[in-house]
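Let's take a walk through a protein model together. Keep the sequence and the 3D view open while you read.

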Amino acid sequence: METTNLADLYELDALDWAPIAERLDQGVSMAPGTGGPGRHSAWLATIDADGSPAVHGIGALWVEGAFWFETGERTRKARNLARDPRCSLSLATADFDLVVEGTAELVNDPPVEADLAARWATE
């Protein structure tokens with residue numbers, strides 16, 4: 001994992017990943033009034049067919065070291081990710097702001113889907 005510390009502009013040290021991962025492991029509710037700027041906010045950036053960026057507000061879960069989100073197959077974000085899986089996800093919390101970059105992968109595994117659906121139901 002590479003770290004880019006935007007606080008370098010202010011001569012601050014990079015945040016240690018371990019406490020951030022520990023906080024993410026505790027869960028980050030997306031419900032209003034639960035800790036972010038009015039609420040926790042997650043945004044997914046994808047690439048449109050013409051190469052321009054598209055940003056989508058999403059609900060995201062942190063499970064076993066990865067962010068998970070769901071979408072309908074005909075949504076703009078799903079079409080963008082099917083064409084080009086590169087994306088970035090940003091999360092604003094009361095404690096920190098986080099941006100991760102990577103590739104999205106379609107998961108078609110009923111036990112995994114059932115587990116994630118149960119997790120979302122408790123959010």
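What pattern does the protein follow when you read along the sequence? It goes α-β-β-β-β-α-β-β-α. That gives three helices and six strands. Keep in mind that this is a predicted model.

**The overall picture**

Of the 123 residues in the protein, 28% are buried. The accessible surface comes to about 8,500 Å², and carbon and sulfur atoms hold 52% of it. How do contacts spread along the chain? Take the contacts with a separation of 6 or more: 52% of them join residues 24 or more positions apart.

**Helix α1 and what follows it**

Start with helix α1, which covers residues 17–25. Its buried residues are I20, A21 and L24. Looking down the axis of α1, you'd find these buried residues within an arc of 95°, so they line one face of the helix. Turn to the other side of α1 and you meet E22 and D25, which are exposed. And what do the buried residues of α1 pack against? Their partners are the strands β3 (61–63), β4 (66–68), β5 (86–92) and β6 (97–103).

Just after α1 comes G27, with a positive phi of about 100°. Then there's V28, sitting in the loop between α1 and β1 (41–47). Is V28 buried or exposed? Its relative accessibility is 9%, so V28 counts as buried, given that the cut-off for buried is under 20%. The C-alpha atoms of V28 and L91 are 9.5 Å apart, although 63 residues separate the two along the chain.

**Helix α2 and its neighbours**

Now move on to helix α2, residues 76–83. Here the buried residues are K77, A78, N80 and L81. Seen down the axis of α2, they fall within an arc of 165°, so they too line one face of their helix. They pack against β1, β2 and β5.

One residue to look for in strand β2 (residues 53–58) is H56. At 10% relative accessibility, H56 is another buried residue. Its side chain makes a polar contact of 2.8 Å with the side chain of T46. Leaving aside residues up to four places away in sequence, H56 touches A42, W43, L44, T46, R76, K77 and N80. K77 and N80 may ring a bell: both are among the buried residues of α2.

**Salt bridges**

How many salt bridges turn up in a search of the whole structure? There are three, and here they are:

| Salt bridge | N to O distance |
|---|---|
| D48 and R76 | 2.4 Å |
| D84 and R86 | 2.7 Å |
| D115 and R119 | 2.9 Å |

The D48 and R76 salt bridge links distant parts of the chain: D48 is in the loop between β1 and β2, R76 is in helix α2, and they are 28 residues apart. D48 is buried, with a relative accessible area of 15%, whereas R76 is partly exposed at 42%.

In the pair of D84 and R86, D84 is buried with a relative accessible area of 16%, and R86 is partly exposed at 48%.

Where do D115 and R119 lie? Both are in helix α3 (residues 110–121), four residues apart, which is about one turn of the helix. D115 is partly exposed, with a relative accessible area of 34%, and R119 is also partly exposed, at 34%.

Technical notes:
Residues numbered from 1 in each chain as written. Predicted model: local features only at pLDDT ≥ 70, side-chain atom pairs only at ≥ 80, totals over all residues. Heavy atoms only, no water. Helix = DSSP H or I, 4+ residues; strand = E, 2+ residues; numbered from the N terminus. Buried < 20%, exposed > 50% of the residue type's maximum accessible area, 1.4 Å probe, protein only. Contact = heavy atoms within 4.5 Å. Areas by Shrake-Rupley, 256 points an atom, 1.4 Å probe, with all protein chains shown as cover. Arc of directions from axis to C-beta. Polar contact = N/O pair within 3.5 Å; in protein donor to acceptor, adjacent residues only side chain to side chain. Salt bridge = Lys/Arg side-chain N within 4 Å of Asp/Glu carboxyl O.
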